Amino acid sequence: MTHSQGAPHQQSPGGFFNLDIKRFIHDLMRYWWLFIITLPICWFTVYTIHRYSLPVYRANISLLMEEKGDNMPQANMMEGFGLTPGQSSVENQMAILTSLDVIKRTIDQLDFHVGYYVKGNVKHTEVYGQRPFTVHFDSLHPQLLSTPLNITILSDKKYNLQVISEGASTYTYGTGSNGPSVVIPEFNGDYYFGEQVKTRWGSFTINCNNCNPSLDQDYYFIFNHPYTLAAQYKSRIRTSKANENSSIVHVSLTGKNISKNNRFLNALANVFIATNLAKKNLIATNTIRFIESQLLVISDTLQTTGSQLSQFRTDNRIQSVSAKADYLFSGLQEMEQQLAQLEITRRYYLYLKDYFSNVLESNEVVAPAMYQTDNNLLNEQIRTIMELNSQRLNMKESYSEMLNPAQKELESQINIARETLLKTISSQLLVLNENVVRIQDSKASNESELYHLPETERRLLGIERKFELSNEVYTFLLRKRSEAQIQKASNTPDHQILEAARYSGQISPNTQGDQRKALLIGFIIPLIILALKQLLNNKIINAEDIERITPLPILGQIIHSPKEESNVALHHPKSVVTETFRRLRTRLEFMNSDKACPIIGVTSSMPGEGKTYCALNIAATLAISGKKTALLGFDLRKPGLNKIINSNGHAGLSNYLIGKATIDDIQMESGQKNLTIIPTGDIPPNPAELISSAKTSELLEVLKQQFDHIILDTPPMGIVSDPYLLARHVDSLVFLVRQNHTVKEVMAHTLKNLEDEGITNTGILLNDVQVTKRRGYGYGYGYGYVYGYGHGYYED
C-alpha cells in the first residue's frame, strides 16, 4: 500500500477549542452522578453561609439641596453686606455630605465610640439600643482600641471582665490624640456594676441596664477609633440624585444594625445642615467683629470730644456761633466726615489685603468681613475667589491629598484671582490717598477762613466739628452692626430633610438569589470538570483524536480483550476481539492485493501499546484464512515475542543475522496451522547494525518464496531508529495507537519523523478500545458493526 501525505488536516466540525462535543455529551451521560454530588454540596454551602453570616440592611434618607446662583438678592440686606458666595452645585454638596470631616463630626455627636456585641458559637451580633449594660468612659484617659473586652454577667450586681491583647494602640477621646501601644498578656477581674475600672489602658464604668445572668450569655465591647469608624461609614454611604436636573438627593447607608443605620443618617443630615448654616453665618460674624473693633476706637474719641465741648461751653459761656462760622463749620464737618469714611475704607482695604494674603494658604472657608464700597469690580473679584475656594475645599473633601489635574487648574485660577484682587486693592489705596490729599487741601482752605473769626468762636467750631463727626460715624457703625446682626439672625440653611431615615430592606444575604446561584454553580462545576478533563487530557481516546492529528487512514479499532491468552484469534475464534482482527485482515488484504507476498510491519510511538499482541493476532487471522504466514520478532532490544511463545533459548533473528544459524534453524512452529514464528533470539549489543545489514534483505527475500504474508514485530518508532530501517522493507506499516495510553504529542512527533523519512505507506490502528454494550447500537465509541446479525458470533 502507498499513501501520500495530504494537506494539513482540518479541525473536526464537532470541536470547539479542541473540545469534542460528541465525547463531551457521552461523558455527561457517563458521569451523571457528578451532578448528584455537586448540586447538594453547593446548596448546603449556601445554606451554611446564610445560617452563620450576619444580615446587612439598607437605610435611606432624602434631602432637598437648593442650588443658589451667583446673583443673590440683596434688597433685604444691609448696604455693603450683600456679598455672599454662590452656593456650590448639588454634586459638590453631595461631596461635602459624604466627606470624612462631616462624618467624623456626626460620629462625635453619637454614642458609636463603644460597640456592644453578643457572643455566639460562630457569629457575634452587635446590639444597639436594648443592650444589657452601658459603658461610660473617661474621655481624658487613654482607652484600648479595637480589642474585645469580654463581659460575663455573674449577677445583677456583679460581672467578670477579661481582656487578652498581644498589642493594641490606645486613644484619648477628650483630646483626640493617640496614646501608647500596650500589651496585655491576660487581665481577669470581678467588678460591681457602677464601680470604676481604671488601668493604664482604660478607665471606665459599666452600669447595668437589664442584666439577666440566667440567660447564660457572654458579651464583649470594643472601643472604636473615631477616624477608623468614620472611614468605615464613608465606604458604606451612597448618594444619588432623584434625576439629572433635580436637587433632591437620596442618601443610603448599609450596615448590620437597622436602628443604628437610621440614627446615623438622621444625625448626618442634621450635621450637614448645621454646617451649611454655620458657613453662611461666618461672613456676618466676621463683619460684626470688624465693626465692633472700629466702634471701640470711635467711642473713645466721641467721649473725649463730648467732654471737651461741654467743658468749653461752660468755661467760655458760649452756646453757638455766627452764620458764617456755621457755614464754614458745615463745610469742614462734611469734609471731616468724608475723611473719616475714607479712613474706614482705607482700613477695610488694608484688612482685605492682609486677609487674602494669608487665608488662602490654609484649608479654611473664605468669609471676609463685608463693608460698603462703591467699587463693584472689587466686590465681584472677592465673590469669584470665594467661589473658587469653595470648589477647592469640596475637591479636597472628595479626593485624596494628591492633586489631580482639575485641582491643579483650580489652584492656578485662585492664585491668578488673588493676585488680581491684591493689585486692585493697591490701586484703590492709591486713588483713596489722592482723594484724602484733595479733601485735606479743601479743608485747609476752609480752616484759613475760620482763623479770621474770633478766637473763642473758632475754638468752639473746632470742638463741635470733632464731636459731630465722631457722633455721626459712631451712629453709622451702630446701624451697620444692627443690620449685620439682623442678617445673621435671619439666615436659614439651604438644605432640608424631605424624608427622615427609614429601613428599606435587607441587601444580603439574598437567600433566593444565592440559592439559584448555588444550583447554577452546582450544575456548572461538573461541566467544567468534564471539559477540563477532556481539554487537559493528552492521551488518545478515540478515532476523532487521531483524525485531529493526522490525515493517515485508520485501518481499524481493536477492542480490549479480557482473555488471558495472547493469541485470541486461535483460542477464541468467535469472540468480538477476533472479529475486529478479521476486519483488519480484510483491510490489509485489500490494500496489498497487488503484492504476491506483502510484508506488513507493526510499530508504535512508545512501549506498552500492544505491538506484539496485535502482530501475533494479525498473523493468526491470516493463518486461519489459509494463508501461510511468518511472524518475525524484529524487536531486538526488548523482545516481547520471546515471552509470549516461550522460545526457551531457541535460535532466532539475531543468531541468523550474525551468521550463527540458518533460516531453517530459526523457524519455530506456533502450534497453529499455516503460522510460523521466527523469534528474536539472543539480545545483541548492536541491533541497529544487524538490521541494516544485507542479511536482513536476504532473509526477507527467502521468506517471500516460502510464505504468503510476512508480519514484522518492530520496536517503537518514538524510542529507537530500528523501525525506520525496517520500514523501508515493508509494503504496509501498521502504526499502533493505544486508547488512554498513547500520548498525543509523542504520536504527532513520531508521525512527523515518518513523513520526514519519506515513509508514506502507513495506516493507523486504534488498540485496546474499551467498549460498553448499548441496546440497539452494538459496541461503543463508534464501532458500528452490529455483531450477531446472522453470523452466530459471540463475546466471551
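This report looks at one helix pair and one small sheet in a predicted model.

## Helices α1 and α11

Let's start with the helices. Two packed helices are described by the angle between their axes and the distance between the axes. Here, helix α1 covers residues 21-30 and helix α11 covers residues 511-535; their axes come within 10 Å and cross at roughly 130°. Angles over 145 degrees would count as roughly antiparallel and 65 to 115 as roughly perpendicular, so α1 and α11 end up oblique to each other. As for handedness, α1 passes α11 in a right-handed crossing.

Who does the touching? On the α1 side, the contact is made by Arg23, Phe24, Asp27 and Leu28. α11 brings Leu527, Leu530, Ala531, Lys533 and Gln534. Sorted by character, the residues of this contact between α1 and α11 come out as five nonpolar, one polar and three charged.

## The three-stranded sheet

Now for the strands. Strands of a sheet pair through backbone hydrogen bonds, either parallel or antiparallel. In this model there is an open sheet of three strands, in the order β4-β10-β9, and the pairing is antiparallel. β4 (133-137) and β9 (196-199) sit at the edges with a single partner strand each, so each has one side without a neighbour in the sheet. On average, neighbouring strands of this sheet are turned by 25° against each other, direction ignored.

## Zooming in on β9 and β10

Strand β10 spans residues 202-208, and β9 pairs with β10 in the antiparallel sense over four bridges. Want a residue to click on? Thr199 stands opposite Gly202 in β10.

Definitions and conventions
Residues are numbered from 1 along each chain as its sequence is written. This is a predicted model: local features need pLDDT of at least 70, side-chain atom pairs count only at pLDDT 80 or more; totals for chains, interfaces and linings use all residues. Side-chain values use heavy atoms; hydrogens and water are left out. Axes are lines fitted to C-alpha atoms, for helices over the stretch in contact, and angles run from 0 to 180 degrees between N-to-C directions. Helices (H or I, at least four residues) and strands (E, at least two) are DSSP runs, numbered from the N terminus. Angles under 35 degrees count as roughly parallel, over 145 as roughly antiparallel, 65 to 115 as roughly perpendicular and the rest as oblique. A crossing is left-handed if the near helix is turned anticlockwise from the far one by less than a right angle, and right-handed if clockwise. Contact means heavy atoms within 4.5 Å. Ala, Val, Leu, Ile, Met, Phe, Trp, Tyr, Cys and Pro count as nonpolar, Asp, Glu, Lys and Arg as charged, and the others, Gly among them, as polar. Two strands pair if DSSP finds at least two bridges between them.
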